Amino acid sequence: MEVEVVEGTTMVGWVVSGVAFWWTAFLLARGAFPKRSYDFCNRAVSAAHAAAAVSLACLSVADWSRPLSPLAAASSPPQMKALAVTLSYMVYDAACCYLNDDVRVDNTVHHLVSIVGIAAGLAYRRCGTEMVASLFVTEISSPLLHLREILKEFGIKDTDLNLLVDILFAVIFSVARMGFGPYLTYVTVTADNPILIKAMATGLQLVSAYWFMRILRMVRHKLGKKRPAPKVAGD
């Protein structure tokens with residue numbers, strides 16, 4: 001079956017308009033919540049992107065009986081639109097973090113790998129199946145990630161609700177990125193994809209593994225705080 005070709009100017013238009021959209025959403029959030037922090041407004045935008053990314057990824061699947069098929073094939077217009085939306089968000093988020101002096105090595109690597117990888121996929125017009133699946137895997141836990149920080153901004157700390165959100169985030173992240181992630185990386189690397197796509201898939205999985213270790217430490221710390229203090233003899 002012949003796949004509809006998306007023109008380069010159309011893809012560039014999607015990305016540019018997407019960057020403008022995310023910045024406008026951020027500025028509207030700043031205006032709507034003047035007493036909230038810069039990070040709060042950015043996380044509100046990030047949560048909206050995560051919901052949009054997961055939805056677009058799901059809508060781009062042509063056959064749910066074989067969601068990872070075909071591999072190393074031409075990207076469909078819905079796949080390319082989903083990737084363009086996330087590429088525009090990554091450009092916005094990288095700039096937003098820079099303007100807020102929130103430049104960390106792990107976050108910088110994440111932005112670089114994502115931007116280069118998605119841009120390459122759009123330029124090659126290939127491997128849309130693998131990249132959209134990666135988009136779903138990486139964003140499915142993001143709403144809970146941002147909810148954790150938003151709750152703190154509202155002054156909700158060290159409660160059962162915080163613990164529930166932390167555990168749900170850790171479980172979904174672990175299942176998605178360390179369960180399905182390695183398999184997705186394997187099929188991407190072993191398929192007939194460009195070397196740059198293979199390298200970016202591997203890099204993203206390494207970033208996920210690093211964050212997974214940090215999340216394990218966070219959960220261990222949270223559960224340790226919930227344990228009752230040992231009773232002292234004579235009390």
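Which residues does the UniProt annotation "domain: TLC" cover?

1. In the unreviewed UniProt entry, the annotation "domain: TLC" covers residues 35-224. The structure discussed here is a predicted model, and within it the span 35-224 is 79% helix and 0% strand, with its end C-alpha atoms lying 33 Å apart.

2. The same kind of record, again an unreviewed entry, gives the annotation "transmembrane region" for residues 12-33, 161-183 and 195-213. Over residues 12-33 the model is 95% helix and 0% strand, and the end C-alpha atoms are 32 Å apart. Over residues 195-213 the chain is 100% helix and 0% strand, with the end C-alpha atoms 27 Å apart.

3. Gly31 is found in helix 1, and this glycine counts as exposed because its relative accessibility is 55%, where the cut-off for exposed is over 50%. The C-alpha atom of Gly31 is separated by 32 Å from that of Val113, a residue 82 places away along the chain.

4. The largest nonpolar core has 18 residues, and those with the most contacts inside it are Leu83, Ile118, Leu122 and Met131. Two or more residues of this core come from each of helix 1 (8-32), helix 2 (38-59), helix 3 (77-99), helix 4 and helix 5 (128-139). Helix 3 gives the most to this core, with five residues. When its neighbours within four places in sequence are left aside, Ile118 is in contact with Leu83, Thr86, Leu87 and Met131.

5. On the surface, Leu112, Val116, Tyr124, Ile195 and Leu196 make a nonpolar patch of about 460 Å². Helix 4 (105-124) and helix 8 (195-226) each supply at least two residues of this patch, and helix 4 gives the most, with three residues. Tyr124, one of the patch residues, lies in helix 4; this tyrosine counts as partly exposed because its relative accessibility is 40%.

6. Two features of the backbone deserve a look in the loop between helix 2 and helix 3. The peptide bond from Ser69 to Pro70 is cis, with omega near 0°, and Pro70 is found in this loop between helix 2 and helix 3. Ala72, which is placed in the loop between helix 2 and helix 3 as well, has a positive phi of about 55° although it is not a glycine.

7. A positive phi of about 55° is also found at Asp101, again a residue that is not a glycine. The place of Asp101 is in the loop between helix 3 and helix 4, and this aspartate is exposed, with a relative accessible area of 70%.

8. How many salt bridges does a search of the whole structure find? The search finds eight, and one of the pairs to inspect is that of Asp106 and Arg214, whose side chains meet in a salt bridge at 2.9 Å, N to O. Because Asp106 lies in helix 4 and Arg214 in helix 8, the pair ties together parts that are 108 residues apart in sequence. Asp106 is buried, with a relative accessible area of 12%, whereas Arg214 is partly exposed, with a relative accessible area of 39%.

9. Another group of salt bridges involves Glu149, whose side chain meets that of Lys152 at 3.4 Å, N to O. Glu149 and Lys152 are separated by about one helical turn, because they are three residues apart in helix 6 (residues 142-153). Glu149 is partly exposed, with a relative accessible area of 22%, and Lys152 is also partly exposed, with a relative accessible area of 34%. Salt bridges that share partners join Asp102, Arg104, Asp106 and Arg214 into one network, which places the pair described in the previous point within a wider set of charged residues.

10. Glu149 also forms a salt bridge with Arg148, the closest N and O atoms being 3.6 Å apart. Here Arg148 is buried, with a relative accessible area of 11%, while Glu149, as noted above, is partly exposed at 22%.

Notes. Residues are numbered from 1 along each chain as its sequence is written. This is a predicted model: local features need pLDDT of at least 70, side-chain atom pairs count only at pLDDT 80 or more; totals for chains, interfaces and linings use all residues. Side-chain values use heavy atoms; hydrogens and water are left out. UniProt positions are given in the numbering used here, feature names are shortened, and annotations may be inferred rather than shown by experiment. Helices (H or I, at least four residues) and strands (E, at least two) are DSSP runs, numbered from the N terminus. Patches are made of residues with over 30% relative accessible area and no salt bridge: like charges are joined within 9 Å, nonpolar side chains (Val, Leu, Ile, Met, Phe, Trp, Tyr) within 5 Å. Accessible areas come from the Shrake-Rupley method with a 1.4 Å probe; for residues, only the protein chains shown count as cover. A salt bridge is a side-chain nitrogen of Lys or Arg within 4 Å of a carboxyl oxygen of Asp or Glu. Buried means under 20% relative accessible area, exposed over 50%, partly exposed in between (1.4 Å probe, protein chains only). A nonpolar core is a set of buried Ala, Val, Leu, Ile, Met, Phe, Trp, Tyr and Cys residues joined through side-chain atoms within 4.5 Å. Contact means heavy atoms within 4.5 Å.
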